[in-house]
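Here is a short report for someone opening this structure for the first time. Keep the 3D view at hand while reading.

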Amino acid sequence: MADQLALRSENFAEWYNQIVQKADLADYGAAKGTMIIKPYGYALWENIQAYLDKRFKLHGAKNAFFPTFIPLSYIQREKEHVEGFTPNLWLVTAGGGETLEEPYAVRPTSETTINMTVRNWIQSYRDLPLLLNLWNSCFRYELRTRLFLRTSEFLWQEGHTFHATWEEANQYALDIHNDAYLDFYAHAAAMPCIGGRKSEREKFPGADVTYTLEALMGDGRALQSCTSHNLGHNFAKSFDIRYLDRNNELQYVATASWGLSTRAIGGILMTHGDDKGLLMPPRIAPTQIVIVPIFGKSGDPAPVLDAAKQLARELSEYRVEIDARDDKTPGFKFNDWEMRGVPLRIEIGPKDIEKAQVVTARRDTGEKKFVPNAELAAHVKQTLDSIHDTLYARAKKFQDDHTFVVDTYAEFQERTAGEGGAGFLLAHWCGDDACEHAIQKETRATIRCIPFDQIKEKGKCIRCGNESDGRVVFAKAY
Ligand SMILES: [Zn+2]
């Protein structure tokens, strides 16, 4: 198992492709570019969902469902939106053996269909804000696919909210960005991210402002980990969504949308891990603790198995698995669970039962400890928290070690040359779209964001030399 795995330290791309399948997370579906998410991968998604759903609800959002098929004319209603999505659109042109009068787009995102609907729900300021969230899948045609990172159908949540003013829509997009997404990545996924807004070129088609979290993967490439958009009045005007304000005057609503997808799983897998395999962040790990009973060469396995079951009951507040396979050696099991990235292993054998203790082993450091049964509950809690902290600190150190202040285009080109990632490059940019495009064509690096904590400093654009007020974050991205 583990010995056949490509080494993360040597061939990151191959390691990723292999580990997703070896760890039973996902596989390709029969239709081009589609993904089957297996139980171990889906459990991770369920834990992500549970964490986020609670936070969305704290901000007043309510879950709903909207149809997968969207009349094509809806999509065509917002000019920038249709331009942005047409290259990736799937269309249904026939049903029941008949050609449809109007083709249906297979949901690339739901802004258009929701806007067409809620224009009938909103009459006055009393109907605002209207805060909706959908858990569904969406469909984007992709030529080159990679499990969790880019597939023709993926799972996500899409929030769609309607507000009285531009400022309120903007604040809501920022609240979700900070209190749901940033919180999730820091406290559940153990992933440090850089927050900021997108350039005009990189923002969502139809948005006034797009906020993003950008994470650095183990190969130095960036991953856009979620986005929140202030759509301003653009969609409201295209779909004619107006309300009577307190002065009985008709106003356009302002809208926001925000999403996080199963790409987050790809991000988690590519942030943590080592040559042995995955390393699941403890708070969302599908299995937090695996108990491996050590039966010994002779003797009755029943008492050991009973003791393991008793342990699992005592730790029932965690997601615990007992590996009772009798055709596999303990050594094989250790490697297998390490490959799957289970944060904490507990071993128990006849000697441990006699001494009222267990052996614990951390996946992140490999540290083993004898722990008396009486101290186990406290030990487990403290160790899982400590593993979370270690993973976050490691990822932060990696990000810091791969963040470079770049002042010349020669150095910028040198750092972005070759196939691998380039880390985060902090460089001055003039703000011009054509200049940004040229940098992308010449180096394949894109502006990931204009960071919230951008330091105001006068400088010269990395490429054209024109004036700049601060550095932006460039990277080669997934
Ligand atoms: Zn420039």
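The report below covers domains, open and closed spaces, two helices and three single residues.

**Domains**

The model is predicted. The domain assignment of the chain gives domain 1 (2-271), domain 2 (289-383) and domain 3 (403-475). The centres of domain 2 and domain 3, taken over C-alpha atoms, are separated by 50 Å.

**Pockets and cavity**

How is empty space found? Rolling a probe the size of a water molecule over the atoms shows where empty space is left. The table lists three such spaces.

| Space | Volume | Nonpolar lining residues | Polar lining residues | Charged lining residues |
|---|---|---|---|---|
| Largest pocket | about 1700 Å³ | 16 residues | 18 residues | 15 residues |
| Second largest pocket | about 330 Å³ | 7 residues | 4 residues | 4 residues |
| Largest cavity | about 40 Å³ | 4 residues | 4 residues | 1 residue |

Start with the largest pocket, at about 1700 Å³. It is lined by 49 residues, and those closest to its centre are Glu-142, Arg-150, Gln-224, Arg-263 and Tyr-478. Several elements give two or more residues to this lining: α1, α4 (79-85), β8 (153-163), β11 (222-232), β14 (254-261) and β22 (446-451). Domain 1 and domain 3 each supply at least three residues to the lining of the largest pocket.

The second largest pocket has 15 lining residues. Nearest its centre lie Leu-426, Pro-451, Asp-453, Gln-454 and Val-473. Two or more lining residues come from each of β9 (193-197), α12 (376-401), β20 (403-405) and β24 (467-475).

How many cavities of 30 Å³ or more does the whole structure hold? The search finds 1. The lining of the largest cavity consists of Glu-111, Ile-114, Asn-115, His-160, Thr-161, Phe-162, Leu-231, Thr-255 and Ala-256. Here α5 (111-118), β8 and β14 are the elements that give two or more residues. Both β8 and β14 are also on the list for the largest pocket.

**Helix α1**

Helix α1 spans residues 12-22. Its buried residues are Phe-12, Trp-15, Tyr-16, Ile-19 and Val-20. They cover an arc of only 120° around the axis, which puts them on the same side of α1. The spacing fits a general rule. An α-helix has 3.6 residues a turn, so residues three or four places apart point the same way. What do the buried residues of α1 pack against? Their partners are β1 (26-28), α8 (263-271) and α10 (330-340). After α1 comes Asp-24, with a positive phi near 60°.

**Helix α13**

Helix α13 covers residues 409-416, and its buried residues are Tyr-409, Phe-412 and Thr-416. Seen down the axis of α13, these fall within an arc of 55°, so they line one face of the helix. Ala-410 and Glu-414 are exposed on the other side. The buried residues of α13 pack against β21 (424-428), α14 (433-443) and β24. Just after the helix, Gly-418 has a positive phi of about 85°.

**Three residues**

Phe-12 belongs to helix α1. Is Phe-12 buried or exposed? Its relative accessibility is 8%, and buried means under 20%, so Phe-12 counts as buried. Leaving out residues up to four places away in sequence, Phe-12 touches Leu-7, Gly-218, Asp-219, Met-270 and Tyr-478. Of these, Tyr-478 is also among the residues closest to the centre of the largest pocket. Phe-12 and Tyr-125 are 113 residues apart in sequence and 53 Å apart in space, C-alpha to C-alpha.

Gly-218 sits in the loop between β10 (209-216) and β11. With 23% relative accessibility, Gly-218 counts as partly exposed. Beyond residues up to four places away in sequence, Gly-218 touches Arg-8, Phe-12, Met-270 and Phe-398. Met-270 is also touched by Phe-12. In sequence, Gly-218 and Gly-421 are 203 residues apart, while in space they are 8.9 Å apart, C-alpha to C-alpha.

His-177 lies in helix α6 (residues 166-187). A relative accessible area of 1% makes His-177 buried. Leaving aside neighbours within four places in sequence, His-177 is in contact with Leu-182, Gly-195, Tyr-211, Thr-212, Leu-213, Ser-228 and Phe-452.

Key. Residues numbered from 1 in each chain as written. Predicted model: local features only at pLDDT ≥ 70, side-chain atom pairs only at ≥ 80, totals over all residues. Heavy atoms only, no water. Buried < 20%, exposed > 50% of the residue type's maximum accessible area, 1.4 Å probe, protein only. Helix = DSSP H or I, 4+ residues; strand = E, 2+ residues; numbered from the N terminus. Arc of directions from axis to C-beta. Contact = heavy atoms within 4.5 Å. 1 Å grid on protein atoms, 1.4 Å probe; cavity = no way out; pocket = protein on both sides within 12 Å on 5 of 7 lines; lining within 4 Å. Points joined across faces, edges and corners; volume = space filled by probe spheres on them. Nonpolar A, V, L, I, M, F, W, Y, C, P; charged D, E, K, R; others polar. Domains from an automatic or database assignment.
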